[in-house]
Amino acid sequence: MKKQLAVATTAALVLTTMGAPALAQDEKITVEGLFYFDRNGNKVHDEGDAVRKNGPGVRIVNADTRETVGEFRTGADGRYRAELPKGPKYEIHNWDLFNYTSTVTGYNTSETLANGDFPLRGNRVFGYSFVDSNGDRVFGPGEQKLPFTNGNISGRAWVTGTTADGQPVNVLAGPTAADGTYSIEDLPINSDLTLHASDWAWRGFLVDPNGAGIDPATRTRKLDAFQDGQVRVDLRYFAAKSDPALTGLTLVPAKDTYRSGEKAKAVIEVANKGNFAEKIKFILDGRNTNVDSVGDNAVRVEGNIMSLKEPLAPGATAKVDVNFTFSWDSPEFVRAFVQRGDQFADADEKNNEVQVDITLDPPVVGQPSTPPSESTTTPAPSSSSTPAPAPAGASTNDGLASTGASPLGFLALGGLLLAAGTGAFFVARRRRS
């Protein structure tokens with residue numbers, strides 16, 4: 001009995017000893033922390049610091065074997081979390097240094113780490129966003145900030161691009177402050193980024209192209225001049241004034257009278273008297289002209305409607321050669337006029353038209369036109385001349401053989417007899433009455 005008890009006790013001790021390593025291998029540690037943007041640089045996540053959502057997180061390596069245990073991304077809350085077997089020593093690497101700078105590059109631990117946080121620093125765009133009503137390029141009293149209200153998200157500026165590791169970027173500006181300033185924070189470093197100014201043309205405002213480096217056509221600017229992680233770009237807008245004008249019309253060749261079907265050239269001069277570059281449209285009146293072709297600096301839109309190829313700067317003029325053909329509909333003048341812009345009303349419609357008075361001869365119906373050097377009158381035959389006899393055997397319209405005599409004498413004699421008889425008839429009637 002004692003022997004059996006001793007054997008059982010020994011077996012239990014052996015089983016307990018064999019099971020100890022298995023229990024130790026099942027023990028886990030937890031490594032977790034927060035990725036956040038340390039905007040004030042105090043290495044503490046406090047008010048005003050945004051979190052890094054859905055970032056690459058950390059890469060964890062076994063410090064002894066140098067094997068990668070795994071990569072653990074951050075979620076929408078900016079946090080990462082990893083459960084690891086207890087025992088090895090681990091290196092926790094900041095895996096977001098491709099896109100941001102940080103004062104913390106990693107941690108070493110073999111125990112649970114609950115506060116493995118990583119403060120990040122990114123680039124920043126800032127400046128003023130306002131309607132520069134007095135043109136002094138400074139936000140002053142009475143001038144309107146943009147957007148007008150802080151709740152207007154669609155009216156804010158934004159940045160797009162691609163990070164250094166190929167991820168898309170789309171960051172919206174915060175609300176514009178009462179002093180007219182805006183900012184776009186936490187932009188990735190070493191990235192291809194573009195700033196977009198909002199489109200306020202529907203309210204009559206355009207981006208001022210002077211001084212901020214913004215393309216007025218696309219309202220964009222490449223961001224490649226960060227200094228100490230910052231770049232200032234003022235988004236100044238101005239009230240648009242559209243005033244396309246037609247300032248000249250010359251016909252080549254210049255004549256008092258033209259003929260229908262004749263080809264000519266109109267030299268049309270347009271001017272931009274507004275305050276922004278505009279691609280001006282203009283028309284050659286189609287009531288008595290048909291456009292054939294235009295010069296290299298313009299295009300035909302449709303029919304007699306044409307447009308400059310490039311926007312015309314404020315205060316500039318442009319001349320366009322227009323080849324056309326006269327038609328016989330309105331013979332009194334040739335007229336050209338500009339067409340109002342697509343977005344804005346014309347500030348002055350009195351300078352939209354130029355007219356050249358002309359005389360247009362109608363075409364000769366049923367006959368081809370004859371050059372002016374040729375005579376169009378057939379000389380009348382002389383009364384003393386004797387018609388030449390027809391050649392023997394020649395055919396005549398009456399189908400009879402030719403005798404060589406002219407029938408004109410007989411016709412004249414018949415006419416005289418008919419006239420004499422008519423006169424005698426009227427004399428007899430008068431006597432009876």
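Me: What makes β3-β2-β5-β7 an open sheet, and which strands stand at the edges?
Reply: In this predicted model, four strands run in that order with antiparallel pairing. Strands here are DSSP runs of E, at least two residues, numbered from the N terminus, and two of them pair if DSSP finds at least two bridges between them. β3 (68-72) and β7 (106-109) each have a single partner strand, so one side of each is left without a neighbour in the sheet.

Me: How do you know that β5 and β7 pair?
Reply: DSSP needs at least two bridges, and β5 (residues 90-94) shares four with β7, in the antiparallel sense. So they count as paired. Within that pair, Glu91 sits opposite Asn108 of β7.

Me: Why is the set with Ile268 and Leu284 called a nonpolar core?
Reply: The term covers buried (under 20% relative accessible area, 1.4 Å probe, protein chains only) Ala, Val, Leu, Ile, Met, Phe, Trp, Tyr and Cys residues joined through side-chain atoms within 4.5 Å. This one is the largest, with 27 residues, and Ile268 and Leu284 are among those touching the most other members. β25 (317-326) gives the most, five residues. Apart from it lies another core of 23 residues, including Leu193 and Leu235.

Me: What makes residues 1-23 a stretch to skip?
Reply: pLDDT, the predictor's confidence in each residue from 0 to 100, stays under 50 there, with zero contacts (heavy atoms within 4.5 Å) beyond four places in sequence. Where pLDDT is low, the coordinates should not be read in detail.

Local features here need pLDDT of at least 70, side-chain atom pairs 80 or more, while totals for chains, interfaces and linings use all residues. Numbering starts from 1 along each chain as its sequence is written, and side-chain values use heavy atoms, leaving out hydrogens and water.

Definitions and conventions:
Buried means under 20% relative accessible area, exposed over 50%, partly exposed in between (1.4 Å probe, protein chains only).
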